[in-house]
Structure formats: C-alpha cells, structure tokens
Amino acid sequence: MDGQTVAIDATMLEANAAMRSIKRRDDGRGYEEYLKDLARAEGIEEPTREQAARLDRKRKKKGSNKDWMSPTDTTARIARMKDGRTHLAHKAEHAVDLSSGAVVAITLQAADLGDTATIGVTLQEAQANAVLINERGVEEVVADKGYHSNEVLIDLHEDGVRSYIPEPERGPRNWDGKEKEQKQVYGNRRRMSGRRGKDLQKLRTELTERSFAHMYETGGMRRTHLKGQNNILKRLLFHAVGFTWRCWSGSVRESENRGPCRVSRTRFCLSRSRSRHLRRAGSN
C-alpha cells in the first residue's frame, strides 16, 4: 500500500434505535403525544390515533433532526436508507487505497451531513495514516459526484491534493467573480475527461464497494448493535483491520456462502503490475 491515491465514499448504517421512540429536543414529548397536542390545537378534543396520523401526513419537514432526537442513542440522526426507508442512522465514510484495496481511514459521522461536509474529516484521517507509509501522504482523491462542489475542490487544491470527482449536470454556470472556483472546476473536469480519470473511477467503484460489502453486508454491520458513535467506530475499526489483513494476506477465497462477495485472491488484491501502472501514471 502506498497511500498516495485514495477513494472516498460513504454509506448509511442503521442505528440501534427505533423511530417510534424519538422525543422532542425542547420539551421531551413523544411523537404520539406531540401529534395529539397538534390535533387538539386544530379543534379535535379527543383525537384518536387515526386522526392524529391523518393530520401528520399533511405536515412538511416532520422528521427534522433539529426538533427530534433518540433518547437511547443521541448521536443517531433521522436519514433515508439505501432502500428508501426512513430510519435513525449513522454515516460511515471510507478512504480506500487504490493500489491495494486496503482501508486507509474510517470515520463515523452524523447521518444528516452531506458528502461535501464530511470529506474533509475523512481526508484528514487518511492523510495522518498515509504519512506513516510515505512522506508525501495522499496526493490524489477519487470520489463520486456527490462530493463535487466549489468549496471541496478549492480545499483539496490548497491541501496539495488532485481531485478526480465527476461533475453533476448543473447546466450553464455564471463564473463572474468566481475565477478561483472556475479554475479548480475546469481543472477537475479536464482530469476526469482523461484516461486516468476514467480508470480511477472504475477502481473506486470496485474497491470501495468491496469494503462496504465485506464489512457491512457479510460482516453484519449494516445494522449496528452498539450505541454511541465512539463505540460503533471502535467496532468498525476492528472490522477494517480484519478486512485489510485479509486483503494483504490473500486469505479471502471463493465461498458459496458469500454471495456477492465471492472473489479470488487474484481479483481481491491488485496485481503488482497494476500498482506500478498507477505510480507511473501519477509521476507522469
């Protein structure tokens, strides 16, 4: 592992807390009690559960994290899961080395934070670990289009890191007074249109999703059984150590019980020639 080119991606983990147990942050009322109070304010003296639910369907932003919290896990946040369900969740973000597939850093953050708000924390952790391997640290960051923003590209440039982030369809943009932002956006767009940018995106899809599959699907961490971000992060770090060790030792074999994670050693760990190609392309 050289730690010079890393891919960053995030996924949601279902928290060990139920939505029906959430309470108001201001006065501690439960959700059903709050709905009945709203119904009484609308003129319904003794509202039934069906009447309160009917009133609830008409409200907007009823699951705001600014108003509601879980009394059992205060660090969990209301978020939409990958399957479309709304649940209390945490956000796990990985930084994966693209020369070996090993996990360089993991952070656990609030589920209501966007990708552009969390990439800085994960990159900082990855830099601290990459410096232990090479003096230059992380030099290139690959991510999906959810991480694309003017501020992210500027911050990466100021940190001396090249970005390979696809640009979402935003239509024509007005760059008046934004020469600095325009320069970084165009530079990232130029890198993404090249062969290396496309190859790195393929590696990102392969290796980051592989770490998610082994740790959260077959590893049983898609739904956490711990409470509190510190406790959950400790468990994630142990899983990451096991995943990285299997990657280096090549002990992952094809298994009938692994489902989508069935990979051989040659497919699981990048070949030396591929690693040399990455380093050679980076030097050019």
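Q: Which residues form a nonpolar patch on the surface?
A: Heads-up: this is a predicted model, in which local features need pLDDT of at least 70, side-chain atom pairs count only at pLDDT 80 or more, and totals for chains, interfaces and linings use all residues. Residues are numbered from 1 along each chain as its sequence is written, and side-chain values use heavy atoms, with hydrogens and water left out. A patch is built from residues with over 30% relative accessible area and no salt bridge, joining like charges within 9 Å and nonpolar side chains (Val, Leu, Ile, Met, Phe, Trp, Tyr) within 5 Å. Here, with about 600 Å² of accessible area together (Shrake-Rupley method, 1.4 Å probe, only the protein chains shown counting as cover for residues), the members are M1, L132, I133, W245 and W248.

Q: Is L132 buried or exposed?
A: You'll find L132 in the loop between α3 and β7; helices (H or I, at least four residues) and strands (E, at least two) are DSSP runs numbered from the N terminus. For the labels, buried means under 20% relative accessible area, exposed means over 50%, and partly exposed is in between (1.4 Å probe, protein chains only). L132 has a relative accessible area of 71%, so it is exposed.

Q: How many helices and strands does the protein chain have?
A: Start with the whole chain: of its 284 residues, 44% count as buried. The chain exposes about 15,900 Å², and carbon and sulfur atoms supply 48% of that. Its secondary structure comes to 9 helices and 8 strands.

Q: Which element gives the most residues to the largest nonpolar core?
A: A nonpolar core is a set of buried Ala, Val, Leu, Ile, Met, Phe, Trp, Tyr and Cys residues joined through side-chain atoms within 4.5 Å. The largest one has 20 residues, and I8, V138, V141, L156 and I165 touch the most other members. At least two residues each come from β1 (5-14), β6 (103-110), α3 (115-130) and α4 (150-158). With 4 residues, the element that gives the most is α3.

Q: Which residues is V138 in contact with, leaving aside its neighbours within four places in sequence?
A: Contact here means heavy atoms within 4.5 Å. Across the chain, 64% of contacts between residues at least 6 apart in sequence join residues at least 24 apart. For V138, beyond those close neighbours in sequence, the partners are G3, Q4, V6, L123, A126, Q127, A130 and V161.

Q: Why do the buried residues of α1 line one face of the helix?
A: In helix α1 (residues 31-41), Y31, Y34, L35 and A39 are buried. Their cover includes β2 (23-24), α2 (49-57) and β3 (68-69). The angle to look at is the arc of the directions from the helix axis to the C-beta atoms. Seen down the axis, the buried residues line one face because they fall within an arc of 140 degrees.

Q: How far apart in space are Y147 and T118, C-alpha to C-alpha?
A: T118 belongs to helix α3, while Y147 is in the loop between β7 and α4. T118 counts as buried because its relative accessibility is 0%, and Y147 is buried with a relative accessible area of 0%. Beyond four places in sequence, T118 has K91, E93, Q109 and L113 as contacts, whereas Y147 touches residues including I8, E93, D115 and I165. The two are 29 residues apart in sequence, and in space their C-alpha atoms are 9.1 Å apart.

Q: Which residue forms a salt bridge with R162?
A: Side chains of opposite charge can pair when their charged atoms come close. A salt bridge is a side-chain nitrogen of Lys or Arg within 4 Å of a carboxyl oxygen of Asp or Glu. R162, in strand β8 (residues 162-164), is partnered 22 residues away in strand β7 (residues 140-142). The closest N and O atoms are 2.8 Å apart, and the partner is E140.

Q: Is E140 buried or exposed?
A: Its partner R162 is partly exposed, with a relative accessible area of 31%. E140 has a relative accessible area of 2%, so it is buried.

Q: How many salt bridges does the structure hold?
A: One of them joins D27 and R29, with the closest N and O atoms 2.7 Å apart. Another joins E217 and R222 at 2.8 Å, N to O. Salt bridges that share partners also link E14, D83, R85 and R223 into one network. The count for the structure is 18.
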